[in-house]
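Trainee: Could you take me closely through one part of this model, a single sheet, and explain how its strands are put together?

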Amino acid sequence: MRVAMLLLLVLAVMATAVDVALTRHDSRRMFAELQKLRQARLALDREWGQLLLEQATEGTHGRVEKIAREQLGMQPARPLASGDSGQ
Amino acid sequence: MSEARSGTVPTFRRHVILALFGIVAAMLGWRAIELQLMTSEFLQQHGDARHLRDVSVPVHRSMITDRNGEPVAISTPVQAVWGVPRQLARFRGRWPALTAELGITEQYLDALVAPRLDREFLYIKRQVSPETAAAVDALQIPGVGLLEEYRRYYPTGEVTAHVVGFTNVDDRGQEGLELSYDAQLVGEPGMNRVIKDRLGRVVEEVEQLKAAAPGTALAISIDKRLQYVAYRELKAAVQTHGARAGSIVVMDPLTGEVLAMVNQPSFNPNNRRELKGQNYRNRAVTDIFEPGSTAKPFTVAAALESGAYSPNTRIDTSPGVFMVGGHTVQDARNNGVISVKDVLVRSSNVGASKIALSLEPQLLWNMFDRLGFGRTAGSGFPGEASGRLHSFYNWREIEQATLSFGYGMSVSALHLTRAYAAIANDGMLPEVVLVKSAAPAPASRAMSVSTSRTLRRMLRQVVESGTGRAARVPGYTVAGKTGTVHKADGQGYAEHRYLSLFVGMLPATRPRLVAFVVLDEPSGGEYYGGKVAAPVFARLMHEATRILNIPPDNARGGDTSRVIIGAAPNPALAVASEPLP
């Protein structure tokens, strides 16, 4: 009986030892994945910032007005008449 | 003897060997105790030093946007090229390639490297574009590396340059709102303790020593679209009239928010290579001037509040000249007996002086004080001027008189806009707000509701039939005041140097916008506020009402010249179109 108990405990210890190694390995693997995702997030964040900047620069009022006037021949909106009804 | 050879080891030898084993075991045991208990800390420390590292978690400067979330300042990642001076000195042969790529001369690099040979680190060039950085990296010069840093870009450029300001090379605010709100924008980098493997990759995160605190984005009160229109109109007017400088301020009178603030001359914050210091100033906030005729409504407000005057009270301004304690106050022409309302419409200095001198000095001063003159407007902008309003204790008669038509006191564009916002806001003076805020700013009462409305009615006349006719906006009622101010130099008032001012509000019935326009020293022949500044106001407001969807309140088009032409010519009106100083 005592021998069986002892054997059981020894097996349990070995099982937990193996489990520790496996968990450690899992943890390292997941951490590496986390780091990769973080890098990806950083890269996307940067790209968003750069695109925002690009959008703001290309959409500058001065530039749009210049293109509208010179290339597209547009004019700013004016009221149809100065609001008078012939009085 | 043969029994001794086959079997047991002699007792003596057995004991000696056992003793030796015992000693070795004891030594090992002692060593174990020593390692585990006594030097364990020291060893642990060294073990950690081999592979534990503290890594900082960087944060970059937060964005600044306009009131509608459009970016006006963004930080974007760039690279800095750095080098180890000693190694650089050793590989001089590679310098031509490096300097060609970076656009610097070899002498410059030499001047950098030579005095720093004992150092480990040296910035060769900062804030280079990613393409240049990649090219430098491809050169693979020993001792030269890349470091990531951030660079601030201003997509709106010179249009918002004065308000937003700019940062220095270390991404800290130097001018403008970048400086005022630097602490909020910068954020704080975090710190993590990690285990790194042989190749320098982070294997495990042991502990977060400090959480990274990114900065908070700043939404300023400026409306990018209004800002652009104001800038365009100001720039055009300054060029047309050959002015030295100019400013425009547009404010929401209900909330005190500054919707547009532009100055000429301006600068490009993205490229500050050849900059003149005088272009950096946000003149609307830092420069002070005498307001001239634009202060007359405040005198009239004090008069109305005193109860002794109404818009129709008659003032005798003949013969157009008035002596006060040995000094002369003069109108452009003899207006005779006119109403208080006409003092504003025709901009009479004599009328304003007589009104002011009939009031208690303290009463007059209190009105100006309640309107925020003589102290900063509280915008939080660095370098904000407080202006000057001399205490009434020491007033001589002439000072009381000249104050009534805006000389002898100094104000900034912001002060004046704010004071007219009080008139627009039914007598409540708003706090100036430069950032978009959720809660409405507190306001203080400068004059009664009825005084402000009476004043608005009179100022409407200034625009419809007085000196401010060029400020009319089709479809809207406009109230405002012109000003043509002699500039003072050291020895008195300069002969032909003026400020052309106009300040107005729209719609006059329930104003949504207050705008102030000033042109400094127009040299093109015209200099009256009504001719130079008022048209700028009209063009700006015409666009602004469209951008902000302000419904028209004057269906007949506001073009009241038709009404006047239809009526019999009125000599008073014809003369009133001539602006007075």
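Mentor: Two strands are taken to pair if DSSP finds at least two bridges between them, and with that cut-off in hand we can go through the sheet of this predicted model strand by strand. In chain B, five strands form an open sheet in the order E12-E11-E23-E22-E21, with antiparallel pairing. Its edge strands are E12 (258-264) and E21 (479-489) of chain B, each of which pairs on one side only, and the twist from one strand to the next averages 10°.

Beginning at the E12 edge, strand E11 (residues 245-251) of chain B pairs with E12(B) in the antiparallel sense over six bridges, and here Val250(B) stands opposite Ala260(B) of E12(B). E11(B) is also joined to E23(B), by seven bridges and again antiparallel, with Val249(B) standing opposite Phe516(B) of E23(B).

Strand E23 (residues 513-520) of chain B deserves a pause, since eight of its eight residues are buried, and the strand is described as mostly covered. Leu513(B), Ala515(B), Val517(B) and Leu519(B) point one way from E23(B), whereas Val514(B), Phe516(B), Val518(B) and Asp520(B) point the other way, and all of these are buried.

Moving on to strand E22 (residues 492-506) of chain B, we find eight bridges joining it to E23(B), the two strands running antiparallel. Gly504(B) has Ala515(B) of E23(B) as its bridge partner, and E22(B) and E23(B) form a hairpin with six residues between them.

Definitions and conventions:
Residues are numbered from 1 along each chain as its sequence is written. Chains are lettered from A and ligands numbered from 1 in the order in which they are written. This is a predicted model: local features need pLDDT of at least 70, side-chain atom pairs count only at pLDDT 80 or more; totals for chains, interfaces and linings use all residues. Side-chain values use heavy atoms; hydrogens and water are left out. Helices (H or I, at least four residues) and strands (E, at least two) are DSSP runs, numbered from the N terminus. Axes are lines fitted to C-alpha atoms, for helices over the stretch in contact, and angles run from 0 to 180 degrees between N-to-C directions. Buried means under 20% relative accessible area, exposed over 50%, partly exposed in between (1.4 Å probe, protein chains only).
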